[in-house]
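Here's a quick tour of a protein chain, one topic at a time. Keep the picture open while you read, and find each residue as it comes up.

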Amino acid sequence: MPGTRAGGERRRAPRLGVLKRAKIVAGDAIFDCVVLNSGERGARVRVAQPVVPPERVELHFAGGGVFPARRRWVRGLEIGLEFVGEATLRREAAELAWVAYEALRDGRLQEAMQRLCAVRFFDDEALREAAEAAEAACARLEALLRERAQRRHP
């Protein structure tokens, strides 16, 4: 079958298994859920009681990320969602992101990292990976500079 990958996988983008608290929001209706897996194109969630949400919903992650989504399927307590648009941050999360950005811009990497860790990187894997890479690069630079300085001034 075209588009089918090994093991029957038909997704165009891989998903990672996760267990994250979230909410499916559809107008005034809010359904608590647990995200079982997610990727850049969608997520599989589990709700506590059988429900069929409307076709268009938003998936609100606990870390502040909001993903517009389309319901693709419902099987018992599990719901498949396809992300259909740009992810945003809730207002309070966006304000925290701005504070972390300003700290980073002003050269305060540790403060920015602390703020990002406190909100679990807004549940954004790309942001988490970039922040961890920046922190590792800073630590490597610091170690190299210390090594060079110790050679010159024992």
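Let's start in the strands: the bridge partner of R46 in β6 is E78. Keep in mind that this is a predicted model. From that one pair we can work outwards, to the sheet, the cores, the helices and the charged pairs.

**Around R46: how the strands line up**

- R46 also has a partner on another strand, since V34 stands opposite R46 in β3.
- The strand β3 covers residues 42-47, and it pairs with β2 (residues 29-38) in the antiparallel sense, over five bridges.
- To get from β2 to β3, the chain goes through a hairpin of three residues.
- β3 also runs antiparallel to β6 (residues 78-83), and five bridges join these two.

**The chain as a whole**

- How many helices and strands does the protein chain have? There are three helices and seven strands.
- Follow the sequence and you'll read the pattern β-β-β-β-β-β-β-α-α-α.
- The protein chain has 154 residues, and 30% of them are buried.
- Take the contacts between residues at least 6 apart in sequence: 43% of these join residues at least 24 apart.
- The accessible surface is about 10400 Å², and carbon and sulfur atoms account for 53% of it.

**Two nonpolar cores**

- The largest nonpolar core has 17 residues, and the ones with the most contacts inside it are I24, C33, V35, V45, L59, I79 and L81.
- Which strands feed this core? At least two residues come from each of β1 (16-26), β2, β3, β4 (56-61), β5 and β6.
- V45 is a good residue to click on: leaving out residues up to four places away in sequence, V45 touches I24, C33, V34, V35, L36, L59, L77, E78, I79 and L81.
- There's also a second, separate core of nine residues, and A93, A100, L109 and V119 are among them.

**Helix α2 and its two sides**

- Which residues of α2 (residues 109-118) are buried? They are L109, A112, M113 and L116.
- These four cover an arc of only 100° around the axis, so they sit on the same side of α2.
- Here's the general idea behind that: an α-helix has 3.6 residues a turn, so residues three or four places apart point the same way.
- The buried residues of α2 pack against α1 (91-105) and α3.
- On the face turned away from the buried side, you'll find the exposed residues Q114 and A118.
- Just after α2 comes R120, which has a positive phi, near 50°.

**Salt bridges: opposite charges side by side**

- The count of salt bridges comes to 17.
- One of them joins the side chains of E82 and R72, at 3.5 Å from N to O.
- Why does this pair tie together separate parts of the chain? E82 lies in β6 and R72 in β5 (residues 65-75), so the salt bridge links parts that are ten residues apart in sequence.
- R72 is partly exposed, because its relative accessibility of 49% falls short of the "over 50%" needed to count as exposed.
- Another salt bridge is between the side chains of E132 and R128, with 2.7 Å from N to O.
- Both E132 and R128 belong to α3 (residues 125-152), where they sit four residues apart, about one turn of the helix.
- E132 is partly exposed at 37% relative accessible area, and R128 is partly exposed too, at 24%.
- R151 and E147 form a salt bridge as well, and their closest N and O atoms are 2.6 Å apart.
- This pair lies in α3 too, with R151 and E147 four residues apart, about one turn of the helix.
- Is R151 exposed or buried? R151 is exposed, with a relative accessible area of 58%, whereas E147 counts as partly exposed at 35%.
- Some salt bridges share partners, and in this way R105, D106, R108, E111 and R115 are joined into one network.

Notes: Residues numbered from 1 in each chain as written. Predicted model: local features only at pLDDT ≥ 70, side-chain atom pairs only at ≥ 80, totals over all residues. Heavy atoms only, no water. Pairing = 2+ DSSP bridges. Salt bridge = Lys/Arg side-chain N within 4 Å of Asp/Glu carboxyl O. Buried < 20%, exposed > 50% of the residue type's maximum accessible area, 1.4 Å probe, protein only. Arc of directions from axis to C-beta. Contact = heavy atoms within 4.5 Å. Core = buried A, V, L, I, M, F, W, Y, C linked by side-chain atoms within 4.5 Å. Areas by Shrake-Rupley, 256 points an atom, 1.4 Å probe, with all protein chains shown as cover.
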